[in-house]
Amino acid sequence: MEHSRTTPIEHPSQLVLASSSPRRRELVASLGLSLPVLILSSDTDETTPPHWTPPQIVERLGLRKARASAELLSPEDASASLIIGADTIVVLDGEALGKPRDRADAVGMLSRLQGRRHEVFTGIACFEPRTGRQLTAHRRTEVVMKPLDSGTIERYVESGEPMDKAGSYGIQGRGAVLVDRIDGCYFNVVGLPLSLLSDMLSEFGIAVI
Ligand SMILES: Cc1cn([C@H]2C[C@H](O)[C@@H](COP(=O)(O)OP(=O)(O)OP(=O)(O)O)O2)c(=O)[nH]c1=O
């Protein structure tokens, strides 16, 4: 009998989430993947040139985060891994809003967002060090915020919730009550569009379901 000489396709045996975001960690955990998930964040420079579009910002920053974490892995770990990086921004009137610098900045952002429609972009990057293959994609969700008076904004900012979040609100927390409606993926607003992530993982031989 003749033996097939085709090399078996190798798939990553662990996922590395290049993120310090507790939300992203919980969202990945909610998928109940059969392979181990390692959390490995690095200090990535998040400055971007002014001419980058929102999709470019979130996809390229996601990739920057994934590639920076790859540098921290041993060669053995790296070759077994698929590394995931992500980035989220809020876009209002063509301007990208990231995380607030301080409470005054958060009040300023929410004062601009209240009563209006804005867009949330999240980019995901997958990087496979063994092959050098990388894949990036993004999702866009429209969010309409209720009109808010200044007292509500001040009290919300005082709660501390806005401080580590793009656009200064968290739709998954108390910020839910500030939002009138959304059009698009909810998980994209929280920071990791799970349905997109699942499609991307399948490109690397990892099936969620
Ligand atoms: C709009 C919005 C953003 N966010 C969060 C998602 C992201 O964590 C954060 C945007 O900042 P990011 O720079 O995308 O992520 P991060 O610094 O928190 O984590 P890391 O770079 O290590 O992965 O805003 C919410 O949690 N809820 C929301 O409703």
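This is a short dialogue on reading the features of one predicted model.

Visitor: What should I know before I start?

Guide: Numbering starts from 1 along each chain as its sequence is written. The model is predicted, so local features need pLDDT of at least 70 and side-chain atom pairs count only at pLDDT 80 or more, while totals for chains, interfaces and linings use all residues.

Visitor: How many helices and strands does the chain have?

Guide: Helices here are DSSP runs of H or I with at least four residues, strands are runs of E with at least two, and both are numbered from the N terminus. The chain has seven of each, in the order β-α-β-α-α-β-β-α-β-β-α-β-α-α from the N terminus on. Its C-alpha trace spans about 80 × 30 × 30 Å along the principal axes.

Visitor: How do I read burial, and which residues have the most contacts inside the largest nonpolar core?

Guide: A residue is buried if 20 or more other C-beta atoms lie within 10 Å of its own, exposed if 12 or fewer, and partly exposed in between, with C-beta atoms placed from the backbone. In soluble globular proteins, nonpolar side chains tend to be buried together. A nonpolar core is a set of buried Ala, Val, Leu, Ile, Met, Phe, Trp, Tyr and Cys residues joined through C-beta atoms within 7 Å. In this chain of 209 residues, 36% count as buried. The largest nonpolar core has 45 residues, and those with the most contacts inside it are A66, I83, I84, I89, L110 and F127.

Visitor: L110 is on that list. Which residues of its helix, α4, are buried?

Guide: An α-helix has 3.6 residues a turn, so residues three or four places apart point the same way. In α4 (residues 103–113), the buried ones are A106, M109, L110 and L113. Seen down the axis of α4, they fall within an arc of 95 degrees, so they line one face of the helix; the arc is that of the directions from the helix axis to the C-beta atoms. Their cover includes β3, β4 (95–97), β5 (117–128), β6 (133–145) and α5 (150–158).

Visitor: Which residues are buried in α5?

Guide: They are I153, Y156 and V157, and because they fall within an arc of 95 degrees seen down the axis of α5, they line one face of that helix. G151, R155 and E158 are exposed on the other side. Just after α5, G160 takes a positive phi of about 85 degrees.

Visitor: What does the record annotate at D87?

Guide: UniProt positions are given in the numbering used here, feature names are shortened, and annotations may be inferred rather than shown by experiment. The unreviewed UniProt entry marks D87 as "active site". D87 lies in strand β3 (residues 81–92) and counts as buried because it has 27 C-beta neighbours inside 10 Å. Contact means C-beta atoms, placed from the backbone, within 7 Å. Leaving aside neighbours within four places in sequence, D87 is in contact with V58, L61, G62, K65, T122 and G123.

Visitor: Which residues come nearest to the ligand?

Guide: A residue is near a molecule if its C-beta atom, placed from the backbone, lies within 6 Å of it. Of the 25 residues around the ligand, S19, S20, S21, I171 and G191 come nearest. β3 gives the most to this shell, with four residues.

Visitor: Where is G191?

Guide: G191 sits in the loop between α6 and α7 (194–203). G191 is buried, with 23 other C-beta atoms within 10 Å. Not counting residues up to four places away in sequence, G191 touches S21, R23, R24, A86, T88 and T122.

Methods
Contact = placed C-beta atoms within 7 Å.
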